[in-house]
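The following exercises are to be worked through with the sequence and the structure at hand. Each task is followed by a solution in steps.

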Amino acid sequence: MSRPLLVCVIDDDPSLCAALENLLRSYGYRAVAYGSAEEFLASADADRADCIISDIQMPGMSGIDLRLFLTHTRPDLPVILMTARTERILLDRAAAANPFRVLQKPFDAQELAECLTVAMGTVDAAMPGLGRP
């Protein structure tokens, strides 16, 4: 039996982290949340995560800076950035970091599920109706 894929959530909002952890587990993923990019990078999960979901705006290292750092250490790791901000300059800067996708908060569970399915090249039985696009 294969081990479920590990998705790491990085956000300084503990309630969002908890909600996303629960949602991801309901989809059959292993999920671990971190309150900062630095906390994530100091963990063993930095080397074994299958996907990252990170807020763009956080104290310390931003999600954009995390993505840029990971392009050197784990270039094939899918990084999904999320933000509630709508400033074009910020969104352009995020897109320039070449994440797998930028999700605009609030996003719905189906949008996240589809994004993860494509990002990791998987279709999980826990996510009915999802297939490769």
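A residue is called buried if its relative accessible area is under 20%, exposed if it is over 50%, and partly exposed in between (1.4 Å probe, protein chains only). By this criterion, 44% of the 133 residues of the protein chain count as buried. The model is a predicted one, in which local features need pLDDT of at least 70 and side-chain atom pairs count only at pLDDT 80 or more, while totals for chains, interfaces and linings use all residues. Residues are numbered from 1 along each chain as its sequence is written, and side-chain values use heavy atoms, with hydrogens and water left out.

**Exercise 1. Describe the overall fold of the protein chain.**

Step 1. Helices (H or I, at least four residues) and strands (E, at least two) are taken as DSSP runs, numbered from the N terminus. The protein chain has 6 helices and 5 strands.

Step 2. Read from the N terminus, the order of elements is β-α-β-α-α-β-α-β-α-β-α.

Step 3. The radius of gyration, taken over C-alpha atoms, is compared with the globule rule, 2.2 Å times the number of residues to the power 0.38. The protein chain has a value of 14 Å, close to the 14 Å given by the rule for 133 residues, so it is as compact as a globular protein of that length.

**Exercise 2. Determine which strands pair with β1, and how β1 is covered.**

Step 1. Two strands pair if DSSP finds at least two bridges between them. Strand β1 (residues 6–10) runs parallel to β2 (residues 30–34), to which 5 bridges join it. Within β2, Val32 is the bridge partner of Cys8.

Step 2. Strand β3 (residues 51–55) is also parallel to β1, with 4 bridges between them. Here Val9 has Ile53 as its bridge partner.

Step 3. In a regular strand the side chains alternate between the two faces of the sheet. In β1, Leu6, Cys8 and Ile10 lie on one side, Val7 and Val9 lie on the other, and all of these are buried.

**Exercise 3. Examine the surroundings of Val9 and assign it to a core.**

Step 1. Val9 belongs to strand β1 and has a relative accessible area of 0%, so it is buried.

Step 2. Contact means heavy atoms within 4.5 Å. Not counting residues up to four places away in sequence, Val9 touches Cys17, Leu20, Leu24, Val32, Ala33, Tyr34 and Ile53.

Step 3. A nonpolar core is a set of buried Ala, Val, Leu, Ile, Met, Phe, Trp, Tyr and Cys residues joined through side-chain atoms within 4.5 Å. The largest such core has 20 residues, and those with the most contacts inside it are Cys8, Ile10, Phe40, Ile52, Ile64 and Leu66. Val9 is instead included in a second, separate core of 19 residues, together with Cys17, Tyr27 and Met82.

**Exercise 4. Which backbone features of Asn98 and of the bond from Lys105 to Pro106 deserve a note?**

Step 1. Most residues other than glycine have a negative phi, and most peptide bonds are trans.

Step 2. Asn98, in the loop between α5 and β5, has a positive phi, near 60°, although it is a residue other than glycine. Its relative accessible area is 53%, so Asn98 is exposed.

Step 3. The peptide bond from Lys105 to Pro106 is cis, with omega near -5°. Pro106 is located in the loop between β5 (101–104) and α6 (109–120).
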